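Good morning, and thank you for coming. I should like to take you through one structure, and I ask you to keep it in view while I speak.

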Amino acid sequence: MNDETVLKYQDVVRKAAVHISIEWPDVDVTDVEQDIWIRLLESPGTVETLGTFADDAVLRFMYKLAKQVAVKDKQKARVA
């Protein structure tokens, strides 16, 4: 992933993280945002595929990813 890719998705990643933090107030927006970036960095194929999506599809994908992150965080919190 290069700087251009980060700039391209920066706003949509932030928007998805904020959206989830509103839906799930006990989830930290910064943690969600960072976890989304980690997942994208670990999956260059996903980032490549995102490049073929329309803008609204990218946003929906990021919302789903943010929700996965939030669910995982909640599950970790229950176990701890």
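Met1 lies in the segment that comes before α1, the helix of residues 3-23. Please bear in mind throughout that this is a predicted model. Is Met1 buried, exposed or partly exposed? Its relative accessible area is 44%, and Met1 therefore counts as partly exposed, since that class runs between the 20% limit for buried and the 50% limit for exposed. Met1 also belongs to a nonpolar patch on the surface, together with Val6 and Leu41. The accessible area of these three residues together is about 260 Å².

Let us turn to the helices. Two packed helices are described by the angle between their axes and the distance between those axes.

Consider α1 and α2, the latter being residues 29-42. Their axes come within 9 Å and cross at roughly 135°. The angle makes α1 oblique to α2. As for handedness, the crossing of α1 and α2 is right-handed.

How does α1 meet helix α4, which covers residues 55-79? Here the axes come within 8 Å, and the crossing angle is roughly 50°. That makes α1 oblique to α4. The crossing of α1 past α4 is right-handed.

Finally, I draw your attention to Pro44, which is found in helix α3, residues 44-50. Its relative accessibility is 56%, so Pro44 counts as exposed. How far apart in space are Pro44 and Ala16? From C-alpha to C-alpha they are 19 Å apart, and in sequence 28 residues separate Pro44 from Ala16.

Definitions and conventions:
Residues are numbered from 1 along each chain as its sequence is written. This is a predicted model: local features need pLDDT of at least 70, side-chain atom pairs count only at pLDDT 80 or more; totals for chains, interfaces and linings use all residues. Side-chain values use heavy atoms; hydrogens and water are left out. Patches are made of residues with over 30% relative accessible area and no salt bridge: like charges are joined within 9 Å, nonpolar side chains (Val, Leu, Ile, Met, Phe, Trp, Tyr) within 5 Å. Accessible areas come from the Shrake-Rupley method with a 1.4 Å probe; for residues, only the protein chains shown count as cover. A salt bridge is a side-chain nitrogen of Lys or Arg within 4 Å of a carboxyl oxygen of Asp or Glu. Helices (H or I, at least four residues) and strands (E, at least two) are DSSP runs, numbered from the N terminus. Buried means under 20% relative accessible area, exposed over 50%, partly exposed in between (1.4 Å probe, protein chains only). Axes are lines fitted to C-alpha atoms, for helices over the stretch in contact, and angles run from 0 to 180 degrees between N-to-C directions. Angles under 35 degrees count as roughly parallel, over 145 as roughly antiparallel, 65 to 115 as roughly perpendicular and the rest as oblique. A crossing is left-handed if the near helix is turned anticlockwise from the far one by less than a right angle, and right-handed if clockwise.
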